Every structure is written in structure tokens, then in C-alpha cells.
There are 4 protein chains.
Amino acid sequence: MKKLNVGLVGCGFMGRAHSNAHRKVGNFFDLEYQPVLKAICDFNEERAKSHAARWGFESVETDWKKLIARDDIDLIDICLPNNAHAEVAIAAAKAGKMIICEKPLARDGKEAEGMVKAIEKAKVPNFVSFNYRRVPAVTLAKRLIEEGRLGRIFHYRAKFLQDWTISKDVPQGGDALWRLDVKAAGSGVTGDLLAHCIDTALWLNGSIEKVNAMTETFVKERVHQLTGKVQKVGIDDACAVLARFANGSLATFESTRYARGHKALYTFEINGEHASIAWDLHDLHRLAYFDHRDEGKLRGWRSIHVTDHGGDHPYMDKWWVPGLQIGFEHSFVHQLADFLEGLASGKAARPTFRDALETQYVCDAILHSAKTGRWEKVKTV
Amino acid sequence: MKKLNVGLVGCGFMGRAHSNAHRKVGNFFDLEYQPVLKAICDFNEERAKSHAARWGFESVETDWKKLIARDDIDLIDICLPNNAHAEVAIAAAKAGKMIICEKPLARDGKEAEGMVKAIEKAKVPNFVSFNYRRVPAVTLAKRLIEEGRLGRIFHYRAKFLQDWTISKDVPQGGDALWRLDVKAAGSGVTGDLLAHCIDTALWLNGSIEKVNAMTETFVKERVHQLTGKVQKVGIDDACAVLARFANGSLATFESTRYARGHKALYTFEINGEHASIAWDLHDLHRLAYFDHRDEGKLRGWRSIHVTDHGGDHPYMDKWWVPGLQIGFEHSFVHQLADFLEGLASGKAARPTFRDALETQYVCDAILHSAKTGRWEKVKTV
Amino acid sequence: MKKLNVGLVGCGFMGRAHSNAHRKVGNFFDLEYQPVLKAICDFNEERAKSHAARWGFESVETDWKKLIARDDIDLIDICLPNNAHAEVAIAAAKAGKMIICEKPLARDGKEAEGMVKAIEKAKVPNFVSFNYRRVPAVTLAKRLIEEGRLGRIFHYRAKFLQDWTISKDVPQGGDALWRLDVKAAGSGVTGDLLAHCIDTALWLNGSIEKVNAMTETFVKERVHQLTGKVQKVGIDDACAVLARFANGSLATFESTRYARGHKALYTFEINGEHASIAWDLHDLHRLAYFDHRDEGKLRGWRSIHVTDHGGDHPYMDKWWVPGLQIGFEHSFVHQLADFLEGLASGKAARPTFRDALETQYVCDAILHSAKTGRWEKVKTV
Amino acid sequence: MKKLNVGLVGCGFMGRAHSNAHRKVGNFFDLEYQPVLKAICDFNEERAKSHAARWGFESVETDWKKLIARDDIDLIDICLPNNAHAEVAIAAAKAGKMIICEKPLARDGKEAEGMVKAIEKAKVPNFVSFNYRRVPAVTLAKRLIEEGRLGRIFHYRAKFLQDWTISKDVPQGGDALWRLDVKAAGSGVTGDLLAHCIDTALWLNGSIEKVNAMTETFVKERVHQLTGKVQKVGIDDACAVLARFANGSLATFESTRYARGHKALYTFEINGEHASIAWDLHDLHRLAYFDHRDEGKLRGWRSIHVTDHGGDHPYMDKWWVPGLQIGFEHSFVHQLADFLEGLASGKAARPTFRDALETQYVCDAILHSAKTGRWEKVKTV
């Protein structure tokens, strides 16, 4: 068993999710590589120390440059706000470190291009944490599509709906709320939520050729946590998109933080000639499947409880027994296991930085279209 | 086309449901016999006249004996409280009339025996209105079972849950509330609700050999509408049953009017070696089906929207287009269509009075067991 | 009680639905006006006679001009393919007849304008059969919105998904399939399905200012039933739309006949500041409701079984007892009852022809935008 | 922070679940006591070593007596087949160790009594792992009941349905299948599955006074894995129960491994005068709640996605963000956190051994009643 020394940057929501995955992956997966929680890095030393104590990191850094400079670190795991991804990733690549980067890869395609360039020049293993690919139900959907069960695809539709920023009193910026600050995030729901929908869509249904979008900022001004002043809101609160895939199918995408009643409702549905698939993050352990080739009187949407063993349901052999569901955090464990297996096998787990660049280009085209009011082509990777 | 002159007795909830069926069946089904709304009978003349005007009955009677004595009446349709079923049915049989009787057939098995005897002696067509057999999803369940898809049966469970008598202020007795008066109804939820569950169960899963039951009357006294006095409540408010079928399967049954949140939740589920079926009156147009012989990774409960044409879904060719659901009242139309087709073909639609006697015996055994606290055998028909 | 003599034109799916409503409305609703099935008209005499026999129409016509010319007809009920609506309606208006017209009002806005002009000149009662407004759950949604429960509206989304034309072997044109023939239908799913979504949306959420749409015809050629030849398909098979309402809310709309697994899945959802509502035609008797003002730990989407009495649930007092669902056909009974009550009260039931013109303008803008690839303003009524 | 040295016995399914909880609890909960994975014990040395390597146990034992004899062990965590619980627990108690024991406490009440006696004599902290109490939705149910929201309780019904032993080819006995061997398990589904239902029921609804039950063994003989011979099956494959609670409510319970389509469907529902609650292990992150005091037209079952923070939803503040579900394994983390908090506060977490004895008595009465065919009183603790 090979040790893989991890230097993790950022102690927020994603820092916790990644720490949990590193700590846990070896308990459930048989892997050649075993992550070691070598160092946690945060500019706030107290927070870094607290995180280290809680999760068992061996050391603490407050300057990511020092972390990258350390010889005993193999992998830099970036769990920072979007605006810090590029600088850290490029420096890590130059230092020859492997990199796992939280999604979205960058604030826009141009920034992402620089990252892809750096990482490909450095030839280091790289991975972007679009974790929902590894929810077992979603991975099962991918398998069904690859087996050709759906036939020609006609429609793809996805939404990511939340409701936590409806109040005008929610401030923007700072530690917990950088997602509402356009400088830190690059965009609003497009980069934060819709990017998940796009990544899954590209994976399941191939390239998107063109998009036509609208965005809206419902609350125009919010107090900024760092300045204490009421400032203009620069992000998109909501985004809706028409799109055309290269395979001829039509799509609609939507993301918002103003859909009362939905906390994190990422849903997608894909309609093929023979069969359809639907999934929903609020019940992530289920996959809905309809097959028109079923006997007529028995046709119906199947609610598949994706918890079976024996190879039927991806990743589930590693966990408990059939019928016992896993949750959100497991998708991070799965992607880490796949990343580590990719290191061992030489066949890189995906999405790589280059894969994530494609998502970035789609998001760019969406935001551009929202301004022009026209169809915009998606730049090819 | 042959005319079938109907004399309907009773203008309550069921009088309306049967009137609607008689009036409507010929619009949707191609039948040799066509019901004619010849006479409506109710001891309350005003009510009878109002019902006649609304539904298009040609004449009005206030004495059911006169109705039965009329030569121009072919069929007596009994929509009276339970305590009146026997007398009317026996007289109608003696007069050589065909009879449709609302369920339950009688207040108990003994009373029902007299009815069966009379009707079989008279050799008149007879039918008991256990309408839920003709909800298309339930009829589909029957077909699937007959095709042997379930294999050996292990379990049957059914419930009929309501919540409308929880308040102590609900009175008993009288026109609308005779179901709460043991003299009129014979029993409480056992005869009113559980009898539906039993009829379906006998039809789908064969005979019940023995039962073990408990009943409860949660509200011990209620004002009686006819006397105006507070009187002891004689009915069972709730009933729960363990049972053994002749085919070796185990069953649980339950009915109550004290299950907050359920208006008329009749559900059943049957678990076989290979497949299982479940249904629910609150979404009566759907059938749930699970087949273990489905490919492993795609196994799941199918939610079948029972609205397809082309023979796939029973009765549905007669109505609208796939996807458009029908409701409660249609089950009465279906059973009437089947009754009329039975007249034409000579193959009687079921349940007949004799079939309904079996349900009565099961209910008797249940109520008896609730007193003895032991397993009681069900009398064989 | 006043008799209202009905002349119904067209014996297809909608001819049956309207006939059923006329025949049944008086059985359940207390109305000043009582429809009389005076005449059925169809160019195919045999079909007209058969329909008359089945439904009890007193007479048969094969030429709608003769029907309109009859003095004993008060109301012309138009259940013809879209291309015949204008001519019949305008002639009926000139003859001073009341008119009920199946939706969509016309093939396009221009055609509809002529109809509105004629009918308003003639000052005859007029109504367009967007029946889904009168599904009790949808009417309940309207009430909740009117009571201001949702607060500021952020999002509206609606879809109408079917899957019955996926096979290339489905022909176009002729009696049953005129909906696939652009000459008869005017458009494809936009006029047939999306028009329902638009009508409900305008009713629930006010005017739509602009739209941005795409359409697609997946199967480019089909045999035409009337010519027997393979001909180009002129209709849109699928349509997806971004829209902006006058109240500032964002919308997405979609309709298709290529969504495998969905027979007639009309769904809408509306997200407001305080509460959200969702509905689904496949379970039309339920309304989903989420209210953020509910106590925190108990917040959840409520599944309201819209079958209560006592005024709680629209129209339901007229039917059976709580818990017993109604179906598709009842929406036609409800709208007819409302139309007849409007005659009595002098307050016209809606949507009128003028209301339906607004839907037509939205559809026009959608189809236009699908060609220009840009945002198009909706013409104001 | 105080270290708590854990000696865990048993490396099976539950050994993994408990190891995970010990390893993880400190990452998410702020606790005075921190478990240390001191020793893993299994009679199979290879398995113990493998488990130690995977989970980070510091040492390995093959004889539980030696483990108990160690001074550096504070807590014995028993994850053995049921027949070994008593011996290990009693010895551990005598040695003054704290004890966590997997459920059911013992094979029957008598065996459990000995354990309770020993542990109470030794006055050591003790806990039985009825983990489903700590699924957040179930804990929320408890809170709602304690707040008196349901009013007088009328009905309780629970089921635990599985389908994994339908095939006659499933053997009994040995490592993975000791649950099918009556000597190791004590009983079949009653102790394994129904015991969960009973524990939750006692917690939520108080004591059960009497029961009336039936059991069945569908497959009479199976190959025994240890002997290699076909042997009589001694366990109950299915069990159904009528029961009466001390609070006057009626109950039905059922457990089986022959319900095709259900992997681990533990459901319960409780109907009170004012409100009802339902829960389902297959979607464990949701609670269904109906409150009759809601405004009439808006009454409906609420589907509460139990993932909110701010104290609304038990335990969820410790995990991710609202909308992101947790799974089965988290219930073990929660109960361990509560156990550890109980050590710190001196207020013991429950169920203790004595609490679990009550469940045992109910199970005893059930199995006894299944033999006598009568109502049997439950022994009081």
C-alpha cells in the first residue's frame, strides 16, 4: 500500500467533505493508494488548528505557498472560494503536485484555460470535484445510457433549485457567503449550481453546441460582510437556459436560489426513444426508470432503490446491506476512490481539468447569451 | 338493444352513485341491455321526487313493496341502509326481479343466508356492489395474479383507514349517519370498510380459513339523531385482524375511522414468490408492481398509470385517451356494464349474493374472534 | 329551469367529452339553465347518427350551416379540428348563437382576432374550453394565489409531456390524427399542449411580456392519411420556451410528444416569496403546497388530496364523499356548470374568446421566436 | 478531552457499522469523550487483523476473555451473534467495563434478565444499539409526540419487510447467515426485525400490555452451513401481531423476509386525535406529518425533508447543509454521540439494557402467543 500525502487547502463546507473522504475511503475501498492527512492549510490559523484537531491532520499551514513548497506533500486538494482556484492550482502544478480541485474549476473559461494549460504542461494527475457523478444512482444512469438502452435521445432537462437567499437580509461576501459575492464566485447560481447540471449533462449526453439563456438578480443590493456596506449584487440569482446538444436532443436547464420549498433539488431527466431516466438529489438513493419495451400492461416508472450488491448498483458493495441508503457525503468518497484507482491503473478518473473546462465554456456561453438575448455557440475544448 | 327497467330504492350517497351508473353506462359501453330509469323509491316522497327530477327517473314510489309489485320493473337496485337489504331483496326475489344490492349484503351471515336462499330459489340474476373490484388497477391486479405472475403467495395485507368520526360531537343514526348506528348497520367499520378489503382479498387470493381479531369503540356514547338522546355506541370504531388463507399465505387486515389524515385510504398489497402488487384508493388510477425477475440493476416498484388502451388496461378503452384518469364513480359504471354483459352472455357477473355471503362469514368470524380473543374458523359457503 | 338547446359539432374525442358534460351537469349541479342535447352535427352522417344514439341527441345534421340556421338551437358547441373553428364560430356569432369552442381558439392569432371581432360584435356569450382551469386542484391553486399566500412570484414553470408520436410509423392527418397535420392544427405541440400551459399561466400569474423559444420536428416525414403519401411534417414535435411575466417572474415552458414514459404529464409549479404550489395532471386530484411560514421543523411539501367538502375544495361538494377522487372528464362538467351559471348571473365564465386570444398571441410569439432565435414581445390583447 | 478505549468484539456487518461510528463521531460532534480504537477481537485471527488494518485498531485479540481482562480497555462493544451477547456482556460487567451491545439484547427475556442483573450490579454504563431511534426523522417524531401534538393516540402500526430468504437455496447458519439459525439468533424475524419496531414503539408510544400473534416458517428445511446437512429451520420467517398499548391505542406489527420488493422496509405510522406521523426506512431522511389543525383547504400529508439546521432537525446541524441527506450509518454515529454525552453528563443515553429487556419481553409474549393462539400479557420490567 502506497501512502499519498494530502495537503488540503480550505476548512469550509467542502474542506470538511474532502477531509471526511480522505479519512474514510480506505475503510471501505481496497486501494493501492492510501491518503494520509498530512497538512491542512487555512489563512486563519485558529480555524486550521481546529480543523486539524478534529480530522487528524498531522500539521497546519497558513500560507498555501508554503504548503505547496513542502516535499512531503503529494496531492494538493483545493477547497477554496472560486477566485483562489487558479492561483493555487497553477502553483501546485508547477511544483509537480497532483491536484484535486473543487468545482467549478474557475470563475470563467479564460481563467480555467490557464489552469488546464499549467496542469497539462506539468503532466500531473488532476481531478475536479463534480461529486454528483458518483452518486450511485447517477452512475447507474450513465451505465444504462452507455448500454444503449435509451436509444436516440430527444430531451434532456435539469434543474438545481434552492431557496436560501430569498430574504433581503442575507448578506453577501465573507467566509460563509462568498458564493453571493461575484468577485469571489465569478457568477451566482450558474457557476455554483448549474455547473453541476452541466457537468452531469455533458457526461451523460455529450457536448452542448449552443445555448440561449436568461438570468435575473432578484435582490439588487445586499450588505457586504467584509465592508459592512450595502453594495450592488453582482451575481445571478436565477438562470434558465435552452440548449441544443450535438446529438440533436433539446434541453432546458434552470438554477435558482428563489424556489421556495426546495433546499437542494438537483433533478435531471433524459428521454430517449426507448427509455427514460430521472433522478433527484433530495432522494439521491433512487433512480426512476421507464422502459417502453416492457410488456404493455406493466409499463410504469420504476423507482429503483439503488442499494443492491453483487455489482448491480455502483459502489454499493462497499457499504452496508441492500435497502440501507447512503447519503451526500458518500459521493466524495466514491470520487476519491476512483481518483486513487486511476493513479494505480494509469487511467485517470474524470472529470479532469480539461473536462471541467468544457463545463466552464458552457457556463460562459450561458452568461453571454443572457446578455445578448441570442443563441450563443459553446466554445469547443 | 333490450331495455332493462330499473327500480332503484334509496336516494343517498349510493343511490346517486347507482343512478349515475345506470344513466351513463350506455354512453360508454356497447351493451345489449340498456338500463331505463323507470322508478325511484324513497319513503321520503319529496326526496324521491327531487331525485327523480335530477336524474330523469320516470316515476316515483314511496313504498318499496309497490315498486316490487310493478310489472314494468325488471331490476330492483337496493341502495338502502344494511338493515333493509334482506327484506327488500327477499321480496324482490320472490317477485322474480333481478337484484343489485349495495354491500355489505346484510348485517350478518345469518341474515345473508336467508337472502341467498331466496334468490337462488327464485333463480334471478343477482349482484352485490363491491365496486372496488372494477377499479381498473384492481382488475389489472386480478389479471396479473391469474396469469400466475406472482408465484406462491406469502403475504396479503389490506387496510381501510378513515378519520371522520374522531370528534365526539358526531352523532349516530338517521339518514346520513346510519352507518354509526349498530341497528341499521349491523356493525361498524367491519361491515362498512373491512368488508371491501375482504371481498377483494377473497377474489384475489382465495378463501380465508381462520381469523384472529380485535375491535375497539373509542367513543362510547354519541347523541342519536333519531331519539335526540345520548346513547351507547354499538358499532366497532376500529378492527384489526390476523388471518390465514387457504393457500397458506398470512394476512393482516385493518379498518378504522380514527386514522387522522386518511379520508378513504383503502390499500392492499400482496407479496408473491416472484412479484408483488400494491394499490391505494387515494390514487386509484395507479397500480404498483414489483417483479423480481426483472434484470437485477433495474428492479424497482413500477408505478403503472392504469389508463392505457389497446386492451392493456381493463375498461380504459371505453373512456378517454391514455394518461387521463378516471375516478371513483367509474367503478360503478364498470360493474353495471359487467352485470349487463352477464345478462346477455348468461355468465353471471360476480360477486353474486353467494359470493358476498363468504365475505359476510369472514366478517362474522372477525367479530366473533374479537369477543373470544381466539382464532375462529370461517364458515364455508 | 330554463332549457338551453345545444347543437354540438364534431363527434371525436372532444365531442364525447362535451356530450358527457352536457348530459351530466344537471345531475350534479343546481342550475337555472339545463342543456338539452338538441342536435349533433358531423359531415359523416353515420358517425353523427351513432353519436346521437349513444348520447341521446334528438336530431342529426351533416352540414353545420344548417345547424346554425336552425331556430331551435341556442348554443353551438364546436368540437372540430382547429382549422374549422373560425368559420363555424363566426357564422354562429352572426346567427346570434352562444358559442363554446374547443381550445385552442384558432390556428393563430390573426385567425383568432377575426373570431373575437365577430363574437364581440354579435354580443353572444362565448367560452373557450381550456378545461384544466376547472380541475379542482388547479382552481384551488388559483384561490391560494388570489389570497396572496405566495407573496412576490419568482418562478413559473410548466410542461406538457407526451410520448405517443415517437414511432415513425404514426401517420399524419385524417380523422384521429389531424393534430399532426399542420394545415388542420395550425401548429404541433405548441397549439395542442403548450396552449393549455399558457392559458393556466396567464390565469394564475398574469400576462407574459416576452418569450424566447426553440422548436423541433424530430420526425421529418410521415404518411398522410388522406393522401396516402409520405409528406413533410409541418408541425412542431417539441417546443421549449423561456419567458418573462409582467410581474417580473421568470418562466420556462416545454411541450413535446417525445418524452418517453409520459402519457399526458401536464405539470406546473409556481414559486413565491412565501409559498410554492405544484400540480400534475397524472394525479390531478392532488395539489402540492409548501409554505415557508409553517413552523420550521414541520415545513414540508403537503400533498393535498383535493376531495374535501364544506367549501374547502372547489366543486367537490357536488360529487361523492371526501377521499373519493374524480377524473379528467369532470373538468368539462365544471366549466359547463360555470358557463351556465355565468348565463344566469350575467357574469361571464372565463376564458372568453378574448381571453383565449391572449394565449394565441403568446403561442404566436413562441413560434416566431423559434424562427428568429431571439426574444419576441407578446402582442397585447 | 478524555480518551475512551474501545474493545470491539465481532467483525461482521455490525462490527463495521460500530467501527465507523467510533472512528467518525469526533469528526462531527464536539464531545468530552473521544473513542480510541484500542482493540478488535474476533476468534478468526485473520479477519481480526484485516479489520484492524482497515479501521485503524491498535491491537488484535482472538479471545474475548483476554480482551475483557485488559486494563487498557474502557468499553466493550459487542457486535456478535445473539447467542454470544449474554456471556460476553456479563463477563464485561463483572470486569467493570462499560458496554454497548448490538440488538436484540439476547435470545429471550430470561437470558436478557441475567444480563440486566449483572450490569446493574456492576453499575457500569450500558447501552443497546437500537439505532433507528437516532435516525433524525425518527427522533423528530419523538419530539413531536413529546410536545403533545398528536393528542390521544388511537393507532400504531409498524412493519419490517425484507425479501432476501425467499429462495430455498439460501443456507442457514455460519458467519453471514447466523440470523437464520435459531440456536445463534434465538428467533427469526421477531428478534431481528420486529425487535426494532417494538423498541421504537415503546419509545414513542409507551408500554405494550398484551399481544396476539402468528408466525410462520415458509421454508421448512435448509442446508446448514456449518454441518453441510439439510436441517429443519427453527426460526420464524414471518410474524404478525395485534397489540394493545397501555395508553389504549391499538397496534399491528409485522415482520417478514418474504415480502418481495422490499429490502429493508421498516415503516411505522402513528395516528393521534389531532395529527399523524409516518416514517419509512427506505427514505429515512423524510418524515410524513399530517395535522388536522391545519387550515381546512390546505390539509395534507407533509413530506418533511429532515435536513434542516438551526435546531429544527435533530443531529443535522452536525452534518452538511440543508437538503443534503445522510444515510443508514449515521444513526450509529448519533447513538454513539449520545452515549458519550451521557457519560459526560451523567444522564445515561437510552435504551439501556433494562429498556431493551422490555422489548425482549414483548418479543417473548409474541412468540408465546403464536404458539397458544391467544392474547398473552407482556411481562413488566
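**Exercise 1. The domains of chain A**

Task: State into which domains chain A of this predicted model is divided, and describe which parts of domain 1 touch domain 2.

Solution: Begin with the division itself, in which domain 1 of chain A covers residues 2-132, while domain 2 of chain A is made of two stretches, 133-326 and 348-372. Next, take the centres of the two domains of chain A over their C-alpha atoms, and you will find that 24 Å separate them. Then turn to the contact, where 24 residues of domain 1 of chain A meet 30 residues of domain 2 of chain A. On the side that belongs to domain 1, the elements giving two or more residues are helix H4 (82-94), helix H5 (109-122) and strand E6 (126-129) of chain A. The largest share of that side comes from H5(A), which gives 6 residues. Finally, sort the residues of the side of domain 1 of chain A by character, which gives 15 nonpolar, 5 polar and 4 charged.

**Exercise 2. A right-handed path in chain B**

Task: Follow chain B from strand E1 to strand E3, and say how the strands pair and in which hand the chain crosses between them.

Solution: Start with strand E1 (residues 2-9) of chain B, which pairs with strand E2 (residues 33-41) of chain B in the parallel sense over 8 bridges. One place to look is Val6(B), whose bridge partner in E2(B) is Leu37(B). To get from E1(B) to E2(B), the chain passes through helix H1 (residues 13-28) of chain B, and this β-α-β crossover is right-handed.

Now continue from E2(B), which is joined to strand E3 (residues 59-61) of chain B by 3 bridges, again with the strands running parallel. Here Ala39(B) stands opposite Ser59(B) in E3(B). The helix in this second unit is H2 (residues 45-55) of chain B, and together with E2(B) and E3(B) it makes a β-α-β unit that is right-handed.

**Exercise 3. The open sheet of chain C**

Task: Give the order of the strands in the open sheet of chain C, and explain why one side of each edge strand has no neighbour in the sheet.

Solution: Reading across the sheet, the 6 strands of chain C stand in the order E3-E2-E1-E4-E5-E6, and their pairing is parallel. The edges are held by strand E3 (59-61) and strand E6 (126-129) of chain C, each of which has a single partner strand, so one side of each is left without a neighbour in the sheet. From one strand to the next, the twist averages 25°. Within this sheet, look at strand E1 (residues 2-9) and strand E2 (residues 33-41) of chain C, which pair in the parallel sense over 8 bridges. In this pair, Val9(C) has Cys41(C) in E2(C) as its bridge partner.

**Exercise 4. Helices on the sheet of chain D**

Task: Describe how helices H1 and H2 of chain D are placed against the strands.

Solution: First identify the strands, beginning with strand E2 (residues 33-41) of chain D, which pairs with E3(D) in the parallel sense over 3 bridges. In this pairing, Ile40(D) has Val60(D) in E3(D) as its bridge partner. Then place helix H1 (residues 13-28) of chain D, which lies across strand E1 (2-9), E2, strand E4 (75-78) and strand E5 (98-102) of chain D, and runs at about 150° to E2(D). Helix H2 (residues 45-55) of chain D also packs on the sheet, where it touches E2 and E3 of chain D, and its direction makes about 150° with that of E2(D).

**Exercise 5. How the chains are related and how they touch**

Task: Work out what kind of axis relates chain C to chain D, and then describe the contact of chain A with chain C.

Solution: Chain C is superposed on chain D by a rotation of 180° with 0.0 Å of shift along its axis, at an RMSD of 0.0 Å. The two copies are therefore related as by a two-fold rotation axis. Among the residues of chain C, Arg302(C) comes closest to this axis, at 2.0 Å for its C-alpha atom.

Now pass to the contact between chain A and chain C, which takes 30 residues from each of these chains. On the side of chain A, strand E12 (250-256) is one of the elements that supply at least two residues, and E12(A) gives the largest share, 4 residues. Sorted by character, the residues of this side of chain A are 14 nonpolar, 11 polar and 5 charged.

Definitions and conventions: Residues are numbered from 1 along each chain as its sequence is written. Chains are lettered from A and ligands numbered from 1 in the order in which they are written. This is a predicted model: local features need pLDDT of at least 70, side-chain atom pairs count only at pLDDT 80 or more; totals for chains, interfaces and linings use all residues. Two strands pair if DSSP finds at least two bridges between them. A crossover is right-handed if, with the strands pointing away from the viewer, the path from the first strand over the helix to the second runs clockwise. Two residues are in contact if their C-beta atoms, placed from the backbone, lie within 7 Å. Ala, Val, Leu, Ile, Met, Phe, Trp, Tyr, Cys and Pro count as nonpolar, Asp, Glu, Lys and Arg as charged, and the others, Gly among them, as polar. Domain bounds come from an automatic or database domain assignment. Copies are superposed by least squares on the C-alpha atoms of residues with pLDDT of at least 70 in both. Axes are lines fitted to C-alpha atoms, for helices over the stretch in contact, and angles run from 0 to 180 degrees between N-to-C directions.
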